[in-house]
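Let us take a walk through this structure together, with the sequence and the 3D view open side by side. We will start with one chain, move out to its contacts with other chains, and finish with pairs of packed helices.

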Protein chains: 4
Amino acid sequence: MIIVMKQGATDTQIANVCARVEQLGCQVHLSEGQERSIVGIIGDVRSLDRAQLERLEGVERTVPILRPYKLTSRDFQPQDTVVSINGIAVGDTQLVVMAGPCSVESQEQLLDAARAVKSAGAHILRGGAFKPRTSPYSFQGLGEEGLRLLAEARRETDLPVVTEVMAPEQVPLVTTYADVLQVGARNMQNFALLHAVGEAQRPVLLKRGMMATIEELLMAAEYVLSHGNERVILCERGIRTFEKYTRNTVDISAVAVLKQLTHLPVVVDPSHGTGKWELVEPISRAAVAAGADGLLIEVHPSPETALCDGAQSLKPDRFRQMMAGLRPVAQAVGRTL
Amino acid sequence: MIIVMKQGATDTQIANVCARVEQLGCQVHLSEGQERSIVGIIGDVRSLDRAQLERLEGVERTVPILRPYKLTSRDFQPQDTVVSINGIAVGDTQLVVMAGPCSVESQEQLLDAARAVKSAGAHILRGGAFKPRTSPYSFQGLGEEGLRLLAEARRETDLPVVTEVMAPEQVPLVTTYADVLQVGARNMQNFALLHAVGEAQRPVLLKRGMMATIEELLMAAEYVLSHGNERVILCERGIRTFEKYTRNTVDISAVAVLKQLTHLPVVVDPSHGTGKWELVEPISRAAVAAGADGLLIEVHPSPETALCDGAQSLKPDRFRQMMAGLRPVAQAVGRTL
Amino acid sequence: MIIVMKQGATDTQIANVCARVEQLGCQVHLSEGQERSIVGIIGDVRSLDRAQLERLEGVERTVPILRPYKLTSRDFQPQDTVVSINGIAVGDTQLVVMAGPCSVESQEQLLDAARAVKSAGAHILRGGAFKPRTSPYSFQGLGEEGLRLLAEARRETDLPVVTEVMAPEQVPLVTTYADVLQVGARNMQNFALLHAVGEAQRPVLLKRGMMATIEELLMAAEYVLSHGNERVILCERGIRTFEKYTRNTVDISAVAVLKQLTHLPVVVDPSHGTGKWELVEPISRAAVAAGADGLLIEVHPSPETALCDGAQSLKPDRFRQMMAGLRPVAQAVGRTL
Amino acid sequence: MIIVMKQGATDTQIANVCARVEQLGCQVHLSEGQERSIVGIIGDVRSLDRAQLERLEGVERTVPILRPYKLTSRDFQPQDTVVSINGIAVGDTQLVVMAGPCSVESQEQLLDAARAVKSAGAHILRGGAFKPRTSPYSFQGLGEEGLRLLAEARRETDLPVVTEVMAPEQVPLVTTYADVLQVGARNMQNFALLHAVGEAQRPVLLKRGMMATIEELLMAAEYVLSHGNERVILCERGIRTFEKYTRNTVDISAVAVLKQLTHLPVVVDPSHGTGKWELVEPISRAAVAAGADGLLIEVHPSPETALCDGAQSLKPDRFRQMMAGLRPVAQAVGRTL
């Protein structure tokens, strides 16, 4: 970290800042410019509180030099992490497609969807049993009954299951049924939940909050890793911007950036990211072209009666077409599907 | 809700949409324009899923007409809700100031802060025992020990206490010690938590998420009210924008908008909203001038050693000055302080 | 357009609104719901001022139904527009790559860049003679001398030239030298300039403003088309969001959306969009995979001495590699390069 | 500026960076941390191109230390600039209110508005003759005829006139009629226009772009000042965010920030900032409470027939009430009105 002093900061103020830094166990490197002095801090500053130092007299601002995350960083671990889910490797050459309905509605709906996505080539079944809904009056999911149906669909199709967990106390229950624990975008900074899934014995699919920076996503992953769970898959699912034609703005650059900054696998959710089924195919292609390790796709046998997110769900036929169209793109960038 | 059909939608498609709407228990009102037909839906549509209707053939988009919240709406309850906290009325003519340190650090720090804010005219003591921190390596709060210190400060100063609750399972514990349960910005759409505080016997201070719309804030409040707790205070604390000079952008207009749309009291947190102590005073004045019912202010006896958010904390002297400067502004808009 | 009346609007207010609409030459279609009445307007409302109608007593808000653009719309012209630039077709199966330095700095620099991009397979040479710079103290471009060098590079390499025009009075001068007139992102709503290029005899490359919605980009294009120039190429170049790791956030979805909404060709500028040369290649691939008709790439023989935007410029070797890697992606989505 | 080297940057890379900096005429101050080395640059770096330095081998990023603006900075000129407009001082204790219709529509409309705002206590008449409109099909203003009507209204009421200029070639014409040249939000980075008004003999009202940072606003002002015109008034008029209930989000903090960073006067436009007349009064109060030097308010004798922006225009009676309500707020913060 460096501390930028105000123009006209006095020698006493500078000396006080240096003394404070040394008191905190770090070394100081002072540089006096023509207009401003700069105090460099040498040592491990990840636990220092910047806000505290910014309150010292004569300080204009602080600038972090090191990245605040460590375990998730490629500096810390250069080689790619490959997360294995019942034998399916996420983060390897093979792209991994997780597909299924937004929410589990019934046995028939789920089994239809599961069989359809399996036959089209998907690797993992997705489906929500606990649903975060903006309105208390909307369908909130089937709860444990939904988890049971997911487990049944797994037995039937052999597809591993990913489903969302919304609160720390749900973790044991969901772990009983699911192969991957999903932390939703609205819970990306639910630190109690991150702590809980960090102690769980399941891979975690961590979705980027629609208000979260890339760095904050990596810090959320750091919570999970620092509590002992290294099997984290990151998911870009669109950020909130001023543009309202799409539900969110998929940040495709984030895929390439994340692949540089971290060793964790990165997947993209074009269904939530765009909110429109017509855009799922082009954005899926773009995600793969940009280097994503997989996709999360909403597929529903009958979107026009879906209890949630019908507008962004593909019908099985369309999903099959999409998978066919994706294969040459995957090959063009050295991946398989 | 209205359904806008695509240009060139066929009569069959329009008939199917109408049939579907009627099947869902609503009435239809069809309007044929020169370029597009519009299907109006008559009936209570708050539980209808728009995304589902958008997937019907020939539909371009849906447009909601009614607001999705009900219990929080001024249409539903025209007169202001006044939330009473141990005899202190929030939402009445008197402005209410909640002040104290970002986090509880020690008995001495908290008591110093509590006495200082009380003597300067604050009405409620704020302080965090459970702290949501971006980094797992930052100070996470004293937990229950912090709650005990808050209760002690209340005994000493007679100030009611507001503190954050971060997970549903913490609600019983925090309720034992605190007079107001704070739901933080990052948890505004933690629906499990909203459910839990909705069933608690304490007023709730609900902070707007930094990427949440005004409507989403009202829907979050609707969760709490619909679970039986009508004592909700809304808090504007800055939204995330492209501007980075301030930590967030305080949306002062939201104060005036919320006072129009809802009967619930509205307070502003200029400390988190700006991230800079020098801006706390002007933004406090602006908030009061715009019609806020109160303020949430960080005050720390020694911000330059604060374990969190020192840069935005006022020293006690400065807080006293701020309160003095606020009084004439309050009077100018017909309030007392 | 529909007009949503307030809850409790009186019969007189509704009648006044209907009368006003009819006075403006449109027909009225009234629909009375349980909680609100809706006044539908039938007729060509593109020239009606919504803000005016929103001021009538009892009106809550207006909702536009028709899109505000016409000439640029696919409803108006279903088949793709192909813009021909000295025999190079933009908007056809063949992808078109426009490459070159951010700014023209010298004869040697430009010729080196021009030869390099030509030999790597680029179709059009880009380079700025008039440069919009945030700081008045930054290099502002060579002006007419830069235009002369561009013309010389065209003679030498046979590549058509695209360059920015910053003010209406520069249009005649730039038209003398350039094959395509570029309107920069900061000028997307410089309506005087849009008017001027609308009357020019050159194709226009219109960059999306970093603050502009997709609809506003189409309205800017509508300005150009409505002044007689139908040869407009749209360019997505990143929007401004809260995420600061990349300079802007490239809105890849916008490519697919624009291809649905308009018949005009769409290209992407990953250099400005990301601000980092390492991201140019993955975002170029993503853009092509999502359906872009071409790319705008900054290439500089020596980025570390470039007078502008060195951080996002590719060296010639890297550009050559990028082109090689793009070809299979283009083929995978049915395009050639 | 400091240059942060990558982790593992070699000694040769560091030496090359230092050599390059010295070659550019600056001095180097090297600091070697545990994980990263930092190269401090000493000297006037305002004209250095950061992007160029970021392309040197081994460089991770650059961090600016000095602010990029100089003439507009309070460091450069500590005392407030007071801009005098025909004897009316902007930036002094007295608040200045500029009011009038969005666009000049007719002699009668303008004179009615001018008399009304004068009698309610406004100091300057605003009104648009050249109108930037999103749609080419909307009313574009009366042009020179509008300027003539403004001059007539000035003769009649003695109010100085502020009106927008949209292109460099309009500057001489507008200067003939107007007392203040307004640069609109969409033209804040129209550098040719900034250059032109920088050479004009009139005060400039510079509106913040809806996607412009505070720093970019100050850099735009720097363009005007650096071309010789020091009479610049800055105007906050709302920024574009994800929140859509208001047209823009008024950044009230920016008022207080600007008053710290620059000596130039700062006014606020709550009419464009909110897009809703009901919000003009509370936001005007908030702006004054936060330290604004004045306001820009849309007033129209008959908003429901206004050719532009009726929804945000006050009727004369309401404007009079607003002025009355503002006076005690002004006094509460030590200003007069």
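What follows is a tour of a predicted model.

Chain A is a good place to begin. Its secondary structure comes to 11 helices and 14 strands. If you turn the C-alpha trace of chain A along its principal axes, you will find that it spans about 75 × 45 × 40 Å. The chain has 337 residues, and 62% of them count as buried. Take the contacts in chain A that have a sequence separation of 6 or more: 65% of these join residues 24 or more positions apart.

Now bring chain B into view beside chain A. Here 43 residues from chain A meet 44 residues from chain B. On the chain B side, the elements that give two or more residues are α2 (50-54), α6 (191-198) and α7 (214-226). Of these, α7(B) provides the largest share, with five residues. Sorted by class, the side of chain B that touches chain A holds 20 nonpolar, 13 polar and 11 charged residues.

How are these two copies related in space? A turn of 180° with a shift of 0.0 Å along the axis lays chain B on chain A with an RMSD of 0.0 Å. The two copies are therefore related as by a two-fold rotation axis. To find that axis from chain B, look for Met211(B): its C-alpha is the one in chain B nearest the axis, at 2.8 Å from it. The interface fits this picture too, because 98% of the interface residues of chain B are also interface residues in chain A, so the copies meet through the same surface.

Chain A also touches chain D. In this contact 21 residues of chain D face 21 residues of chain A. On the chain D side, strands are the elements to look for: β1 (2-5), β2 (27-32) and β3 (37-42) of chain D each give two or more residues. The largest share, three residues, comes from β3(D). By class, the side of chain D that touches chain A has eight nonpolar, eight polar and five charged residues.

Let us now look at how helices pack inside a chain. Two packed helices are described by the angle between their axes and the distance between the axes. In chain D, the axes of α6 (residues 191-198) and α7 (residues 214-226) come within 7 Å and cross at roughly 40°. That angle makes α6(D) oblique to α7(D), and their crossing is right-handed. From α6(D), the contact uses Phe191(D), Leu194(D), His195(D), Val197(D) and Gly198(D), while α7(D) brings Ala220(D), Tyr223(D), Val224(D) and Ser226(D). These residues divide into six nonpolar, three polar and no charged.

Our last stop is a helix pair in chain B. Helix α8 (residues 252-261) of chain B packs with helix α10 (residues 280-290) of chain B at an angle of about 25°, and their axes are 9 Å apart. So α8(B) and α10(B) are roughly parallel to each other, and their crossing is right-handed. Where do the two helices meet? On α8(B), look for Ile252(B), Val255(B) and Ala256(B); on α10(B), their partners are Ala286(B), Ala287(B) and Ala290(B). The residues of this contact of α8(B) with α10(B) comprise six nonpolar, no polar and no charged.

Key. Residues numbered from 1 in each chain as written. Chains lettered and ligands numbered in written order. Predicted model: local features only at pLDDT ≥ 70, side-chain atom pairs only at ≥ 80, totals over all residues. Contact = placed C-beta atoms within 7 Å. Helix = DSSP H or I, 4+ residues; strand = E, 2+ residues; numbered from the N terminus. Nonpolar A, V, L, I, M, F, W, Y, C, P; charged D, E, K, R; others polar. Least-squares fit on C-alpha atoms with pLDDT ≥ 70 in both. Buried ≥ 20, exposed ≤ 12 C-beta atoms within 10 Å, placed from the backbone. Axes fitted to C-alpha atoms, helices over the stretch in contact; angles between N-to-C directions. Parallel < 35°, antiparallel > 145°, perpendicular 65-115°, else oblique. Left-handed = near helix turned anticlockwise from the far one by under 90°.
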